[in-house]
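Please open the model in a viewer and follow the stops below in order. The tour visits enclosed spaces, a helix pair and an open pocket.

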Amino acid sequence: MSGDGDPDGERLGRVLLSRVVEPGDEAGGRWVREFGVGEVVGRLRDGGEPLPGASGVRWAGLVARAGRAEPEQDLAVAEAAGARYVCPGDAEWPGQLDDLGDARPLGLWVRGRPGLRMWALRSVALVGARACTEYGTHVAAALAAGLAERGWVVVSGGAYGIDGAAHRGALAARGATVAVLACGVDRPYPRGHAALIGRIAEQGLVVGELPPGDHPTPSRFILRNRVIAALTRGTVVVEAACRSGSLATARAAQRLGRFTMGVPGPVTSALSAGVHELLRGEATLVTDAAEVVELVGDMGELAPPRRGPVLPRDLLGPSARTVLAALPGDRAAPAGEIALDARTTPDEAIARLYELRALGYVERHGDGWKLTRQAMISVRDGHRSC
């Protein structure tokens, strides 16, 4: 199984190596880059000279694992589960994963009909706490639905909490979503999300580095996050405590030069403390899908400006507003008194009062002027909007 100049041999070699080295193993990635897949596999299968940097103990362990690997069987099991193996050089390989350098995946197991490379071109990662609040669940689902409606692919890790809410939000909007797992794509984890991950595989994509049947470990969850960060244009964190694993995705995104965003929560919530720390650094605060797209999208995809309601009194000229504000709220007042409080002349005050009368804000009572009911409501609503 040299793989030299043989695409099928190269693929089998990478499948074998996925049983031998852990995801993100930079030493393994360096060996593949410097010596080629065929040479690395040949030495492991023959128990030959250790590759540079491998101690005797480690090399013996790698050789033992290589001896048990059955890449042809792994490919057959994956095919039976509806999965395929995508590796560098394939048309479906997302080129942005190459930004990971020697930590780049050897290949990815993919379940689902869409092409991974095309979907990844316009994708956003949406991650956060497993033990999230109702607020976090709501925000994650709304963000995912909004992104899906705008034609963006939502990428997350398939876990409980924010991940699950993100996937469901995208699916509910009949949008595209990708679950990147820390285990074999034929054995969804967590088991409580088996139905959700199965639905994602039908409507979207389920992706993982580990070969069929492999189980997750704490370190594999953390290493999986680098793939989520590298696949996407940016990462949004919704609810994360200071030690949340989702922060590893954000840090990986920052290292890769991707956009990093956070949704703020209550300052009293420990589940938002990690997000707030991100926002104190280089992350950008976002509150909805439009703000996310403004950051990661094409030039001109701007979020609408945030403004309060426009009240009728906002359309008045400055001098008319000043005179209106000078009228007492509980009685009629003569024009001279109003002019004094408005710091203008009586003639100017009278001119503005007649203007306000025409607009329905004031009414004349003998020699005095009084606010109408419409004006009182306008003033009260204006105070409330502040």
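A cavity here is a set of grid points where a 1.4 Å probe fits but cannot get out. The model on display is predicted, and it holds three cavities of 30 Å³ or more.

**Stop 1: the largest cavity**

Select Val21, Glu22, Pro23, Leu106 and Glu209. Of the 18 residues lining the largest cavity, these five are the closest to its centre. The space inside amounts to about 140 Å³. Colouring the lining by residue class would show eight nonpolar, five polar and five charged residues.

**Stop 2: the second largest cavity**

Keep Pro23 and Glu209 selected, and add Leu181, Ala182, Leu210, Arg220, Leu223 and Arg224; together they line the second largest cavity. About 40 Å³ of space lies within this cavity. Which helix gives the most to its lining? Helix H10, residues 218-231, does so with three residues. By class, the lining of this cavity comprises five nonpolar and three charged residues, with no polar ones.

**Stop 3: helices H8 and H9**

Now display residues 162-172, helix H8, together with residues 194-203, helix H9. Two packed helices are described by the angle between their axes and the distance between the axes. For H8 and H9, the axes come within 11 Å and cross at roughly 40 degrees. An angle from 35 up to 65 degrees is neither roughly parallel nor roughly perpendicular, and H8 and H9 are therefore oblique to each other. The crossing of H8 past H9 is left-handed.

Show side chains to see the contact. From H8, Gly164, His167, Arg168 and Leu171 take part, and they meet Leu196, Arg199, Ile200 and Gln203 of H9. This contact between H8 and H9 has three nonpolar, three polar and two charged residues.

**Stop 4: the largest pocket**

Finally, turn to the largest pocket, whose volume is about 260 Å³. Centre the view on Gly128, Arg130, Arg224, Gly245 and Ser246, the closest to the pocket centre among the 18 residues that line it. Arg224 was already selected at the second stop, as part of the lining of the second largest cavity.

Which elements give two or more residues to the pocket lining? They are strand S3 (123-128), H10 and helix H11 (246-255). H10 supplies the largest share, five residues. Coloured by class, the lining of the largest pocket divides into eight nonpolar, seven polar and three charged residues.

Notes:
Residues are numbered from 1 along each chain as its sequence is written. This is a predicted model: local features need pLDDT of at least 70, side-chain atom pairs count only at pLDDT 80 or more; totals for chains, interfaces and linings use all residues. Side-chain values use heavy atoms; hydrogens and water are left out. On a 1 Å grid over the protein atoms alone, a cavity is a set of points where a 1.4 Å probe fits but cannot get out, and a pocket is an open set with protein on both sides within 12 Å along at least five of seven lines; lining residues have an atom within 4 Å of a point. Grid points are joined across faces, edges and corners, and a volume is the space filled by probe spheres set on the points. Ala, Val, Leu, Ile, Met, Phe, Trp, Tyr, Cys and Pro count as nonpolar, Asp, Glu, Lys and Arg as charged, and the others, Gly among them, as polar. Helices (H or I, at least four residues) and strands (E, at least two) are DSSP runs, numbered from the N terminus. Axes are lines fitted to C-alpha atoms, for helices over the stretch in contact, and angles run from 0 to 180 degrees between N-to-C directions. Angles under 35 degrees count as roughly parallel, over 145 as roughly antiparallel, 65 to 115 as roughly perpendicular and the rest as oblique. A crossing is left-handed if the near helix is turned anticlockwise from the far one by less than a right angle, and right-handed if clockwise. Contact means heavy atoms within 4.5 Å.
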